[in-house]
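Let's take a walk through a protein together, one corner at a time. Have a look at the picture first, and then we'll go through some of its parts.

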Amino acid sequence: MSQNFDVLVIGAGPAGYIASIRAAQLGFKVACVEKWRAPNGELSLGGTCLNVGCIPSKALLASSETFEEIQSHAGDHGITVKEAKIDIAKMMARKDSVVSKMTKGIEFLFRKNKITWLKGHARFVAAEDGAYRVEVLGEAGSELVEARHVIIATGSKARHLPGVEVDQVLISDNEGALQFDSVPQKLGVIGAGVIGLELGSVWRRLGSEVTILEGATSFLGACDESVSKEAFKLFGRQGLNFSMGVQIGEVKTVSKGRKTSVEVHYTDAQGAAQVLECDRLIVSVGRVPNTEGLGLEAVGLATDERGQIPVDQHCQTRLPGVYAIGDVVRGPMLAHKGEDEGVLVAERIAGQQPHIDYNCIPWVIYTSPEIAWVGQNEQQLKASAREYRSGQFPFMANGRALGMNSPDGFVKILADAKTDEILGVHIISAGASDLIAEAAVAMEFKASAEDIARICHPHPSLSEVMREAALATDKRALNM
Ligand code: FAD
Ligand code: NAI
């Protein structure tokens with residue numbers, strides 16, 4: 001006899017575990033299938049985000065920022081530090097303990113909400129009665145599970161380059177790059193996207209000479225151009241070396257005596273053949289949805305040309321009662337986007353009518369300074385011939401930013417020329433990941449730039465720059 005649930009969720013990343021919790025809160029009998037194994041061999045909840053994504057990368061970013069602050073900027077405050085040293089094993093142990101606290105926290109939440117964790121790999125199987133079941137292949141064998149509603153939340157994995165073998169030691173994707181046992185003298189990175197910049201920054205701060213090879217000719221194409229230009233200048237000044245518009249050729253490991261290094265052969269933007277020799281290489285060229293072995297074909301579901309499961313605006317697939325959310329479907333591959341979809345689907349199953357405004361989902365890149373945006377950028381507004389006004393204000397004119405030694409960057413607000421509705425907010429600064437929340441709230445409530453300009457912001461705080469940028473859309477910035 002198969003187990004029976006109201007809601008079965010496949011995958012316990014941020015999309016799946018949140019969907020499970022919300023469905024349980026709404027009174028459903030819920031099971032979640034998850035197979036992730038941590039490096040210590042234990043099964044673990046939390047998916048990419050908690051195990052090898054958002055959480056460990058931000059822990060390492062914080063460690064490397066602390067190291068750089070002490071090593072390079074303590075003197076600015078009149079503080080003398082004899083010699084800053086980094087113990088990589090300890091830094092990694094701290095990161096692992098943050099991950100473990102978070103993943104164990106999800107286990108606690110599953111117990112609290114009476115969610116059954118089915119440990120193993122799930123796949124759809126056609127049943128004789130013309131319906132389907134979900135088979136869970138676990139350590140003790142397989143079992144068939146029935147559910148009225150199935151939510152696919154199987155996430156994504158790193159895209160690899162053809163012919164480039166990722167061994168997670170010399171050549172790594174995000175998983176290996178979060179586990180280095182020493183600071184590589186020379187680090188190569190393929191892909192100047194979010195992971196390349198965040199993890200490239202971690203190892204640069206700790207002492208690596210970092211070279212990033214990027215296929216596109218433009219830098220951070222999804223950002224507002226003013227932000228990407230500023231970022232390119234600042235990251236270059238920090239010591240990240242970029243080679244844009246390259247074409248990657250052969251990538252191989254080469255042993256000389258007792259040392260093995262990596263050679264990346266590539267053609268540069270001018271068409272000249274080049275070789276980058278490095279001690280370690282990170283390949284960060286995007287991610288692909290996880291649908292392998294899921295048995296989609298058994299229930300007549302197919303993926304699209306990008307490998308994603310097609311869904312409507314409510315994350316409903318073609319198959320009644322089957323939904324898909326998170327990285328495995330269209331939209332940005334971001335944890336909070338998946339979480340929102342998890343809540344949406346659980347509430348729709350319960351007969352509620354929630355919706356998601358995808359235009360109000362914020363993006364953050366956790367470099368230093370951080371980059372964050374929500375809504376449309378200036379290139380998109382120009383392309384759609386929308387008339388807009390722009391207001392920009394720099395952090396170097398903000399007392400809190402100067403006190404914090406963080407004068408770089410600006411806030412830029414784009415507002416409709418006639419209605420003054422905020423259409424997009426673009427920030428490059430310290431603390432941009434927190435500042436952007438105000439902009440997301442404003443956009444969800446269809447606020448105008450005048451609304452932000454009229455709202456009292458605390459002094460001294462970085463948030464005053466948001467208000468000044470709003471005033472600047474009407475050429476009324478007060479401190480400029
Ligand atoms: P995942 O988190 O990938 O989880 C899917 C889960 O499904 C996995 O645990 C997998 O084991 C399980 N699964 C898959 N197939 C099956 C199956 N057949 N049976 C059982 N289980 C299965 N996003 C942000 O918003 N902010 C960040 O700061 C950020 N930093 C990142 C840093 C890195 C290095 C990386 C790689 C990603 C980062 N992301 C960040 C992206 C974020 O991690 C993803 O968008 C998010 O994890 C997607 O959530 P998900 O639940 O859709 O999928
Ligand atoms: P990405 O899409 O951000 O960047 C990949 C980069 O690699 C692009 O600039 C692309 O032009 C380049 N590229 C692709 N193929 C190439 C090739 N053959 N040669 C050279 N360059 C090539 O992908 P990334 O950095 O792997 O991150 C994956 C996703 O994970 C992100 O898009 C994001 O959704 C998520 N993420 C989010 C974070 C955050 O929210 N702070 C942090 C890290 C990841």
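## Helices, ligands and a few odd spots

The crossing of H3 and H6 is left-handed. These two helices pack at an angle of about 35 degrees, with their axes 9 Å apart, and H6 covers residues 194–205. On the H3 side, the contact uses Ser 57, Lys 58, Leu 60, Leu 61, Ser 64, Glu 65, Phe 67 and Glu 68, while H6 brings Glu 198, Leu 199, Val 202, Arg 204 and Arg 205. Sort those residues by class and you get five nonpolar, two polar and six charged. Keep in mind, by the way, that what you're looking at is a predicted model.

H3 has another partner too. Helix H3 (residues 54–73) and helix H4 (residues 88–112) have axes that come within 9 Å and cross at roughly 140 degrees. Is this crossing left-handed or right-handed? H3 passes H4 in a right-handed crossing. From H3, the residues involved are Ile 55, Pro 56, Ala 59, Leu 60 and Ser 63, and they meet Met 91, Met 92, Arg 94, Lys 95, Val 98, Val 99 and Met 102 in H4. Here the classes come out as nine nonpolar, one polar and two charged. Leu 60 turns up on both occasions: it meets H4, and it also belongs to the contact with H6.

Now for a third pair of helices. The axes of H1 (residues 14–25) and H8 (residues 335–349) come within 7 Å, crossing at roughly 30 degrees. H1 and H8 are therefore roughly parallel to each other. H1 passes H8 in a right-handed crossing. Pro 14, Ala 15, Tyr 17, Ile 18, Ala 19, Arg 22 and Ala 23 are the H1 residues in this contact, and their H8 partners are Ala 335, Gly 338, Glu 339, Gly 342, Val 343, Ala 346 and Glu 347. The residues of this contact divide into nine nonpolar, two polar and three charged.

Next, the ligands. Ligand 1 has 37 residues around it, and Glu 34, Thr 48, Lys 58, Ala 122 and Asp 327 come nearest. Ligand 2 has 20 residues around it, with Ile 195, Glu 198, Glu 214, Met 333 and Val 364 coming nearest. Some of the polar atom pairs are laid out here:

| Residue and its atom | Ligand and its atom | Distance |
|---|---|---|
| His 121, polar side-chain atom | ligand 1, nitrogen | 3.5 Å |
| Ala 122, backbone N or O | ligand 1, nitrogen | 2.9 Å |
| Ala 335, backbone N or O | ligand 1, oxygen | 2.9 Å |
| Ile 195, polar backbone atom | ligand 2, oxygen | 2.8 Å |
| Glu 198, side-chain N or O | ligand 2, nitrogen | 2.8 Å |
| Glu 214, side-chain N or O | ligand 2, oxygen | 2.6 Å |

A few of these names should ring a bell. Lys 58 is among the residues nearest to ligand 1, and it also takes part in the contact of H3 with H6. Glu 198 has a side-chain atom 2.8 Å from a nitrogen atom of ligand 2, and it sits on the H6 side of that helix contact. Ala 335 has a backbone atom 2.9 Å from an oxygen atom of ligand 1, and it is one of the H8 residues that H1 meets.

Finally, let's visit some loops. Where does Pro 369 lie? You'll find Pro 369 in the loop between strand E18 (363–365) and strand E19 (370–375). The peptide bond leading into it from Ser 368 is cis, with omega near 0 degrees. There's a cis bond from His 459 to Pro 460 as well, with omega near -10 degrees. Pro 460 has its place in the loop between helix H12 (449–454) and helix H13 (464–472).

Leu 220 is a residue other than glycine with a positive phi, near 45 degrees. Its loop runs between strand E10 (209–213) and helix H7 (225–238).

The last stop is Gly 307, in the loop between strand E16 (287–289) and strand E17 (322–324). If you leave aside its neighbours within four places in sequence, Gly 307 is in contact with Pro 289 and Thr 291. Gly 307 and Asn 377 are 70 residues apart in sequence, and from C-alpha to C-alpha they are 27 Å apart in space.

Terms used:
Residues are numbered from 1 along each chain as its sequence is written. Chains are lettered from A and ligands numbered from 1 in the order in which they are written. This is a predicted model: local features need pLDDT of at least 70, side-chain atom pairs count only at pLDDT 80 or more; totals for chains, interfaces and linings use all residues. Side-chain values use heavy atoms; hydrogens and water are left out. Axes are lines fitted to C-alpha atoms, for helices over the stretch in contact, and angles run from 0 to 180 degrees between N-to-C directions. Helices (H or I, at least four residues) and strands (E, at least two) are DSSP runs, numbered from the N terminus. Angles under 35 degrees count as roughly parallel, over 145 as roughly antiparallel, 65 to 115 as roughly perpendicular and the rest as oblique. A crossing is left-handed if the near helix is turned anticlockwise from the far one by less than a right angle, and right-handed if clockwise. Contact means heavy atoms within 4.5 Å. Ala, Val, Leu, Ile, Met, Phe, Trp, Tyr, Cys and Pro count as nonpolar, Asp, Glu, Lys and Arg as charged, and the others, Gly among them, as polar. A residue is near a molecule or strand if one of its heavy atoms lies within 4 Å of it. A polar contact is a pair of N or O atoms within 3.5 Å; within protein, one must be able to donate a hydrogen and the other to accept it, and residues adjacent in sequence count only if both atoms are side-chain atoms.
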